[in-house]
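Trainee: I am new to this structure, and I would like to go through the terms used for it one by one. Could you show it to me before we begin?

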Amino acid sequence: LIGKTFKDFGDGATVVFKSLGMLFTEPSSWSDAGGIIAVGFVTTSYLQNLGWNYFIYLWGVISINLAIVNILPFPGLDGWHLLVIIIEGITKKEIPQKVKTIVSFIGIALLFGLMICLVFKDVFKYIFNM
């Protein structure tokens with residue numbers, strides 16, 4: 001059982017990395033991207049059609065996805081703070097707090113913009129069936 005857990009974790013992480021890569025290499029993959037509404041519809045569909053095992057597995061993959069995305073070195077995410085610490089450690093110079101704050105706010109604004117776009121996309125796709 002523990003071995004299968006690690007295998008499933010590895011499979012889930014592989015799917016997440018491949019999907020992230022496809023967002024930058026295959027423009028058509030953006031049509032499959034979704035936000036919180038898509039997550040609700042897809043997980044409900046898994047539960048209704050495939051049962052608890054697949055439903056729990058899907059939430060495991062979603063958790064892996066959140067962990068991987070959060071560690072990306074994008075401003076506003078934890079990976080950004082880790083990158084700043086690494087850069088400051090290598091250069092032995094502290095990046096000015098004002099610069100870190102401005103870059104973080106820009107990153108967070110971009111992330112919120114992406115979330116809003118995905119919510120609107122989901123509304124038209126799942127609610128209005130367009």
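Mentor: What follows is a conversation about helices, buried residues, salt bridges, a pocket and some backbone angles.

Mentor: This is a predicted model, in which local features need pLDDT of at least 70 and side-chain atom pairs count only at pLDDT 80 or more, while totals for chains, interfaces and linings use all residues. Residues are numbered from 1 along each chain as its sequence is written, and side-chain values use heavy atoms, with hydrogens and water left out.

Trainee: How do you know that the span of helix α4 agrees with its number of residues?

Mentor: Helices are DSSP runs of H or I with at least four residues, strands are runs of E with at least two, and both are numbered from the N terminus. The expected span of a helix is 1.5 Å times one less than its number of residues. Helix α4 covers residues 78–91, and its 14 residues should therefore span 20 Å, which agrees with end C-alpha atoms that are 20 Å apart.

Trainee: What span do α5 and α2 have against the expected one?

Mentor: The 31 residues of α5 should span 45 Å, and its end C-alpha atoms are 43 Å apart, which agrees. For α2, with 15 residues, the distance from the first C-alpha to the last is 20 Å, close to the 21 Å expected.

Trainee: Why is K100 called buried?

Mentor: Buried means under 20% relative accessible area, exposed means over 50%, and partly exposed lies in between, with a 1.4 Å probe and protein chains only. K100 has 15% relative accessibility, so this residue counts as buried. In α5 the buried residues are K100, S104, G107, L118 and D122, and what covers them includes α2 and α4. In α4 the buried residues are G79, W80, V84 and E88, with α3 (52–70) and α5 (97–127) among what covers them.

Trainee: Why does I127 count as partly exposed?

Mentor: I127, which is found in helix α5, has 48% relative accessibility and therefore counts as partly exposed. Contact means heavy atoms within 4.5 Å, and, leaving aside neighbours within four places in sequence, I127 is in contact with F41 and D122.

Trainee: What makes K4 and D8 a salt bridge?

Mentor: A salt bridge is a side-chain nitrogen of Lys or Arg within 4 Å of a carboxyl oxygen of Asp or Glu. The closest N and O atoms of K4 and D8 are 3.1 Å apart, and the pair forms a salt bridge. Because K4 and D8 are 4 residues apart in helix α1 (residues 2–25), about one helical turn separates them. K4 is exposed, with a relative accessible area of 52%.

Trainee: How many salt bridges are there by this rule, and which residues are linked in a network of them?

Mentor: The count comes to 4 salt bridges, and the network links E88, E94 and K100. K100 forms a salt bridge with E88, the closest N and O atoms being 3.2 Å apart. This pair links distant parts of the chain, with K100 in helix α5 and E88 in helix α4, 12 residues apart, and both residues are buried. The side chains of E94 and K100 also meet in a salt bridge, at 4.0 Å from N to O, although E94 is exposed, with a relative accessible area of 63%.

Trainee: What makes the phi of K92 worth pointing out?

Mentor: Most residues other than glycine have a negative phi. K92 has a positive phi of about 60° although it is not a glycine. This residue is placed in the loop between α4 and α5, and, at a relative accessible area of 72%, K92 is exposed. A positive phi is also found at N129, which follows α5, near 55°, and at G51, which follows α2 (36–50), near 100°.

Trainee: Which residues of α4 and α5 should I remember as buried and paired with each other?

Mentor: They are E88 in helix α4 and K100 in helix α5, both of them buried and joined by a salt bridge.
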